[in-house]
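Please examine the sequence and the structure below before reading on. The paragraphs that follow lead through selected parts of the model.

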Amino acid sequence: MAYVRRYLDHYDGNAELEIVEGTDHARGTVPHRTTLHQSTLRFLRRHLQS
């Protein structure tokens with residue numbers, strides 16, 4: 001988690017942290033990957049809108 005906090009500070013608002021309980025770094029299950037993909041899409045839509 002210490003590394004994640006450094007990234008959040010470094011990217012100054014252009015990154016977000018979402019903790020998904022019960023998963024590992026590889027997002028090994030389909031539900032965990034689905035959560036990751038949905039979060040990524042939400043972030044990109046918010047930050048890439050014209």
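Two residues are said to be in contact when heavy atoms of theirs lie within 4.5 Å. In this predicted model, H47 touches G13, N14 and E16, leaving aside residues up to four places away in sequence. One of these partners, N14, is 33 residues apart from H47 along the chain, yet their C-alpha atoms are separated by 8.0 Å. H47 counts as partly exposed because its relative accessibility is 36%, and partly exposed residues fall between the 20% limit for buried and the 50% limit for exposed.

H47 belongs to helix α2, which covers residues 30-48. The dimensions of α2 can be checked by simple reasoning. With 1.5 Å for each residue, the 19 residues of α2 should span 27 Å, and the C-alpha atoms at its ends are 26 Å apart, so the two values agree.

Which residues of α2 are buried? They are H32, S39 and F43. These buried residues lie on the same side of α2, because they cover an arc of only 35° around the axis. On the other side of α2, the residues V30, P31, R45 and L48 are exposed.

A further feature is found at the surface. There, M1, L17 and I19 form a nonpolar patch, and together they have about 300 Å² of accessible area. Of this patch, M1 is located in the segment before α1 (2-11). Is M1 buried or exposed? Its relative accessible area is 54%, so M1 is exposed, given that the term applies over 50%.

How values were computed. Residues are numbered from 1 along each chain as its sequence is written. This is a predicted model: local features need pLDDT of at least 70, side-chain atom pairs count only at pLDDT 80 or more; totals for chains, interfaces and linings use all residues. Side-chain values use heavy atoms; hydrogens and water are left out. Helices (H or I, at least four residues) and strands (E, at least two) are DSSP runs, numbered from the N terminus. Buried means under 20% relative accessible area, exposed over 50%, partly exposed in between (1.4 Å probe, protein chains only). The expected span of a helix is 1.5 Å times one less than its number of residues. The arc is that of the directions from the helix axis to the C-beta atoms. Patches are made of residues with over 30% relative accessible area and no salt bridge: like charges are joined within 9 Å, nonpolar side chains (Val, Leu, Ile, Met, Phe, Trp, Tyr) within 5 Å. Accessible areas come from the Shrake-Rupley method with a 1.4 Å probe; for residues, only the protein chains shown count as cover. A salt bridge is a side-chain nitrogen of Lys or Arg within 4 Å of a carboxyl oxygen of Asp or Glu.
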